[in-house]
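Dear colleague,

I am handing over the structure that follows, and below it I set out what a search for enclosed and open spaces turned up. Please keep it beside you as you read.

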Amino acid sequence: MPNKSVQIIDLGLISYKDAWDYQQNLLDSIVRTKIKNRKSDIQKSSTKNFFLWVEHPPVYTLGNRGQMDNLLLNNQQLNQKGISFYHTNRGGDITFHGPGQIVGYPILDLENFFTDIHLYLRKIEQTIIDTLFHLGIHAHSSQGETGVWVGKKMPKKICAIGIRTSRWVTMHGFALNVSTDLAYFEHIIPCGISKKGVTSIERELEKKVDISSVKQILENQFASHFGFQWIS
């Protein structure tokens with residue numbers, strides 16, 4: 001039977017590299033179980049699913065097909081501003097992670113849910129869109145551009161999404177701007193898209209927002225869209 005239970009782990013404020021290593025270890029453990037299952041004709045173990053909540057110190061990350069030209073600072077300037085940089089193995093181009101941002105890393109065996117990467121990305125987008133609607137923000141996806149946007153005439157990205165999969169196991173995920181200092185995005189071409197801006201929940205609502213309450217809404221929406229059974 002597919003295992004639809006997902007263990008939530010809140011790592012709090014953690015460096016990007018430490019969170020990346022943590023994800024990779026979980027992914028590797030799931031993959032080992034899948035390989036063992038395929039070699040066994042009798043007893044098979046169900047694979048586990050995890051969901052990590054994190055917040056990162058200021059960091060720019062570049063996807064595996066991203067363009068370095070979209071980073072507008074050199075190494076000296078990055079050091080002066082106290083911003084880290086990593087070239088990652090996720091999809092997408094360049095984005096920023098930092099305080100005031102909700103970052104979610106689902107480490108899922110999609111064979112427990114559905115084996116469709118396109119559907120997986122669309123479900124994440126819709127989960128974010130419905131969360132924002134619950135908060136009073138009308139957001140939308142954009143054809144050919146993974147992520148979630150606010151505004152039609154002058155769209156601004158409010159949530160970046162970039163993932164990697166191995167043997168149908170996911171890692172990396174999404175970054176939703178809540179109270180993020182949007183000035184950090186002025187030093188990159190976010191997601192390689194030069195003609196669209198960036199926004200946050202607090203910018204759109206023009207008021208302070210409790211991050212923990214947004215996480216709770218996200219958890220409810222993920223459970224609804226994916227059929228998760230949360231465990232701690």
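**Cavities and pockets**

The second largest cavity holds about 30 Å³ of space, where a cavity is a set of points, on a 1 Å grid over the protein atoms alone, at which a 1.4 Å probe fits but cannot get out, and a volume is the space filled by probe spheres set on the points, which are joined across faces, edges and corners. This is a predicted model, in which local features need pLDDT of at least 70 and side-chain atom pairs count only at pLDDT 80 or more, while totals for chains, interfaces and linings use all residues. Residues are numbered from 1 along each chain as its sequence is written, and side-chain values use heavy atoms, with hydrogens and water left out.

The lining of that second largest cavity (lining residues have an atom within 4 Å of a point) is made up of Trp149, Lys157, Pro190, Cys191, Ile193, Lys196 and Gly197. By class, these are 4 nonpolar, 1 polar and 2 charged, with Ala, Val, Leu, Ile, Met, Phe, Trp, Tyr, Cys and Pro counted as nonpolar, Asp, Glu, Lys and Arg as charged, and the others, Gly among them, as polar.

Over the whole structure, 2 cavities of 30 Å³ or more were found, and the largest has a volume of about 60 Å³. It is lined by 13 residues, of which Thr95, Lys157, Ala160, Asn177 and Phe185 come closest to its centre. At least two lining residues of the largest cavity come from each of β5 (94-97), β9 (156-166) and β10 (169-177), strands being DSSP runs (E, at least two residues) and helices likewise (H or I, at least four), numbered from the N terminus. The largest contribution to this lining, 4 residues, is that of β9, and the lining as a whole has 9 nonpolar, 3 polar and 1 charged residues.

Turning to the pockets (open sets of points with protein on both sides within 12 Å along at least five of seven lines), the largest encloses about 410 Å³. Among its 29 lining residues, Arg90, Gly91, Gly92, Ile161 and Gly162 are the closest to the centre. Here too β9 gives the most to the lining, with 7 residues, and the classes are 13 nonpolar, 10 polar and 6 charged.

The second largest pocket has about 180 Å³, and its lining includes Met1, Lys34, Arg38, Asp109 and Glu111; by class there are 1 nonpolar, 6 polar and 4 charged residues.

With best wishes
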